[in-house]
Amino acid sequence: MASPAFSLTNSISHPNSISGVAADFYLRRSTHSNLLLSRTIRSLRSRRGLAVKNVASSQEQKLKDTLTQEGPTANVLSRMIEGLFSSPHGFKYNHIAFLNFGVCFSGIPDTLDGILPDSASVASSIKYHTAFTPSFSPEKFEDSQALYYAAAESVRDMLIINWNATYDYYEKINVKQAYYLSMEFLQGRALLNAIGNLELSGVYAEALRKLGHTLEAVATHEPDAALGNGGLGRLASCFLDSLATLNYPAWGYGLRYKYGLFKQLITKDGQEEVAESWLEMGSPWEIVRNDVSYPVKFYGKVSLGLDGRKEWVGGEDIMAVAYDVPIPGYKTKTTINLRLWSTKVAPESFDLLAFNAGDHAKAYEALKKAETICYVLYPGDESLKGKTLRLKQQYTLCSASLQDIIARFERRSGELVDWKKFPEKVAVQMNDTHPTLCIPELIRILVDVKGLSWKEAWEITQRQALRLVFFSSSSDRQKTKFLWCTLFLHSYLSGRTVAYTNHTVLPEALEKWSLNLLQELLPRHLEIIEMIDLELINTIIAEYGTEDLELLQQKLKEMRILDNIELPSSILELLVKPEDIPATNAVEEDETSNEAIESASEEDQSEVEVEVEVEVEEDTDTTENKTSLKFEPDPKLPKMVRMANLSVVGGHAVNGVAEIHSDIVKNEVFNEFYKLWPEKFHNKTNGVTPRRWISFCNPELSKIITKWTKTEDWVINTEKLVELQKFADDEELQSEWREAKRSNKKKVVSFLKEKTGYLVSPDAMFDVQVKRIHEYKRQLLNIMGIVYRYKKMKEMSPKERKATFAPRVCIFGGKAFATYVQAKRIVKFITDVGATVNHDPEIGDLLKVVFVPDYNVSVAEVLIPGSELSQHISTAGMEASGTSNMKFAMNGCILIGTLDGANVEIREEVGEDNFFLFGAKAHEIAGLRKERAEGKFVPDPRFEEVKTFVRSGIFGPYNYNELMGSLEGNEGHGRADYFLVGKDFPGYLECQEKVDEAYRDQKKWTRMSILNTAGSSKFSSDRTIHQYARDIWMLEPVVLP
């Protein structure tokens, strides 16, 4: 069983005890030197772990009194404390360094409540860490990189205090807790965020100045944690910040990727990928929990144990080890946890015999297999090995996390564990389909390990189990439906453990796994998935009956979890004549599982009993219909497991992440499920944390907002931003607003020069599109618009150019997945256009095109505050929500975009006049594609002009026929302009003309900018988290005493 993550009692047997070895060392080397005292207690710290307490300088005498109480170590402690306080710098200078030593005493406060250090104390703590927890050799101590690690460790010491207090309290009151499982957590740098949330930014800035450095320079040495790629991971990180700030008991669970996705290099050949190096020097924010590890199994076989339970035996075994990262809330003691799993094997798996025989590869084969699981985020899945590795990653996340969650539930429950209360104490949120294996894994643990029945496990996971069969008349079927709905409502209110957030409507992103791969890698889970699929089939038949078999066949084809796989024989018996039942079935019914279901059904009869009668109609047509439909799979198609369908069936709630996206989820992607279970479906529009994305990354603007709203509360109550609307036309506010924007633009100028070598003018409009490179996000539309702009400029005189176009710096950023060839072509195209345009003396500062390499959170924190126009131009209906659009709007950047994702709601909130809109609507897309397939689309002449210009070789020798060809033709893979670039191109150009016109009127533009910030209050992740907690998790805030 896992131990409490941060319990003081785990590492200290008695609060007033002190190591005799350390005491003897101190007495032998008796001196009042601060350095020797540090060394003395440092040896103590290594024995006592990382649980610490804190004390304010005002409590100096209280601390002395406490430490010199009677006891076996009183004299030693007294002498040590005298040495500390007789230091020339006094207690203030030394108390944090002293407390870093890990000594815990009664009477010292349990949290940082109202006890904040001054700059001298912080400087002392940083000096301590440079000497005693160094990541660098002594001659490097004065480097700002070395000071970053020391500063981060001093912050972590303070975080641990509230970290411990938070979970001690949660353990004490046995609170319900939410667990957010995500394959990505794109945290960004932690130092500035942590000291900002602790309200210590000024203190640390002053402390580092005393040490001869600036906070800004030191902070730049922190590498971004390479735990994510795009909006999915950034959203997860915003959610953790909001959960902590709002005092919700919650943890995040993810994987600790050693090399991240990749580090992006931009060369003459376009994008190149190399491994991330974020862990090269170690991370000062994480704490390895070697005592918290869980076994994870792959392959093997399923057998029946002597006790009648299923046993998953044999195969390949690894261990998942916990690494914990503290997540502090803003202006609160609550500090929650992000637990990341790393993978290894037991030492005995190292084949020493093979090693000594010279077969070194064989010796560490098991170790490498295990470590590989957490090497790279989203490994290439073109090969079977790549697919297997991805599935291993997903299962490792699910299995280790659920074992940890269950261990915590059992520990908090005490000796008598009531599994019916599991949903009352646990809420599991799956961030997209990657953690879908949580559903069968939870059932496996409950049934195979904990001994629960199928009915009990299924009820805990999703809803009350009920084996349904049917009456012969329609009126009786209505009774069945009524009873089913009644039972579902009951379970909806009680069995609420696992929930699913959908993040995409792209078919390729709705994960499917090969049946054969799942059978081989996770044989027990496939059995459980088959049983869940059977539950679903019964529900579908209950809903639609057996009279119209064509309709039923259609529903089963669309809704089943198992795709293109035979129906179980028991179901076929209800649907077709015995002679028409296929001789073999790919999915064999498990006798033991069926017995468990039968038993569960019998247990249920005290609550409700639904009798089964299937009436065989004598009508000839009906009989022929029943015998003509075979319900057989298509041998030409693969047999797959649909993870999104499993998430919907196994989860008690399903939510989209923007209003338009949730409508598409209900009406298109999961329409059949929505008709069956409308209660399951929610909308939870995404949000971003205003702490990182305004307050910390844009201090100039933050000061202005505070001044004009007359409060700092907007940082946690963004509704107060609406106050800015009153002053949108105020000349003083507009002047301050423009000054702040220009200051941020100058930072961007310096940044671009450093990262790309290009020098741009701060007088130009900064036009930015930064996001993952994908065809549906349409960076191609943007760059083709720029090419058209460049071509027109070249055709004009200098005077005409200046009169027609506002100066622009067009900035791109984002990674193309390593095997996504078309996306990498787009990156190459953008960089080639930039290389040509930026060196054209005729154009000068009127147009620049810059691709920022290796876009990440830290880059965004520079670019977003200085941006003036931001492009969110995805094909309508294809972007689930987006979160960068929210960040840009919060920072007073005006958006140009389609009615897609959260753009729709942003436009409603900021005002239609403050958003540049173009493009086809989501409901029009299918018709436009059909029109294209029928050869009815006529491209705009300007679009054809741009393609011809590109093919002329103006941007270099690279052959762009494949890229341009994807925009041509009427059908075929990689053809026919699937993402409607050509269709939206004319409207895009006309909209950009409106942008130029508006930018020339700086008063109007500034007003629009102010109203974007004022209208962005809805898009705080605090609002989103409140909605999840209220509607899905049934979670209440817990404020530490």
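Start by selecting strand 15 (residues 653-656) and strand 16 (residues 681-683): the two pair in the parallel sense over 3 bridges. Here helices (H or I, at least four residues) and strands (E, at least two) are DSSP runs, numbered from the N terminus, and two strands pair if DSSP finds at least two bridges between them. Before you go further, note that this is a predicted model: local features need pLDDT of at least 70, side-chain atom pairs count only at pLDDT 80 or more, and totals for chains, interfaces and linings use all residues. Residues are numbered from 1 along each chain as its sequence is written, and side-chain values use heavy atoms, with hydrogens and water left out.

**Strand 15 and its partners**

Show the side chains of Val654 and Phe681: Phe681, in strand 16, stands opposite Val654. Now add strand 11 (residues 498-501), which also pairs with strand 15 in the parallel sense, over 3 bridges. On this side, pick Thr501 and you will find Asn655 of strand 15 as its bridge partner. As general background, strands of a sheet pair through backbone hydrogen bonds, either parallel or antiparallel.

Are the faces of strand 15 covered or uncovered? Both are covered, with Ala653 and Asn655 buried on one side and Val654 and Gly656 buried on the other. Buried means under 20% relative accessible area, exposed over 50%, and partly exposed in between (1.4 Å probe, protein chains only).

**A sheet of 3 strands**

Next, select strands 12, 13 and 14. They form an open sheet in the order 12-14-13, with antiparallel pairing. Strand 12 (512-514) and strand 13 (562-563) are the edge strands, each pairing on one side only. Strand 13 is joined to strand 14 (residues 640-642) by 2 bridges, and these two run antiparallel. Click on Leu562 to see Val641 of strand 14 opposite. Then display helix 26 (residues 643-650), which packs on the sheet and touches strand 12 and strand 14. The direction of helix 26 makes about 45° with that of strand 14; axes are lines fitted to C-alpha atoms, for helices over the stretch in contact, and angles run from 0 to 180 degrees between N-to-C directions.

**Lys887**

Jump to Lys887, in helix 36 (residues 884-890). UniProt, in an unreviewed entry, places the feature "modified residue: N6-(pyridoxal phosphate)lysine" at Lys887. UniProt positions are given in the numbering used here, feature names are shortened, and annotations may be inferred rather than shown by experiment. Lys887 is buried, with a relative accessible area of 6%. Which residues does Lys887 touch, not counting those up to four places away in sequence? Select Arg234, Val688, Trp693 and Ile864 to see them; contact means heavy atoms within 4.5 Å.

**Thr718**

Move to the loop between helix 30 (699-709) and helix 31 (731-756), the place of Thr718. Thr718 is buried, at a relative accessible area of 4%. Leaving aside neighbours within four places in sequence, Thr718 is in contact with Pro690, Ser1017 and Ser1020.

**The two sides of helix 38**

Now colour helix 38 (residues 925-933) by accessibility. Ile925, Leu928 and Arg932 are buried. These three lie on the same side of helix 38 because they cover an arc of only 65° around the axis, the arc being that of the directions from the helix axis to the C-beta atoms. An α-helix has 3.6 residues a turn, so residues three or four places apart point the same way. Helix 41 is included in what covers the buried residues of helix 38. Rotate to the face turned away from that buried side, and you meet the exposed residues Ala926 and Lys930. Just after helix 38, stop at Gly935, which takes a positive phi of about 75°.

**Two residues with positive phi**

Asp977 lies in the loop between helix 40 (961-965) and helix 41 (981-1000). Its phi is near 50°, a positive value in a residue other than glycine, and Asp977 counts as buried at 4% relative accessibility. For another case, go to Glu199, in the loop between helix 8 (191-197) and helix 9 (201-210). Phi of Glu199 is near 60°, again positive in a residue other than glycine. Glu199 is partly exposed, with a relative accessible area of 45%.

**Zooming out**

Finally, show the whole protein, with its 43 helices and 22 strands. Buried residues make up 60% of its 1041 residues. Among contacts between residues at least 6 apart in sequence, 79% join residues at least 24 apart.
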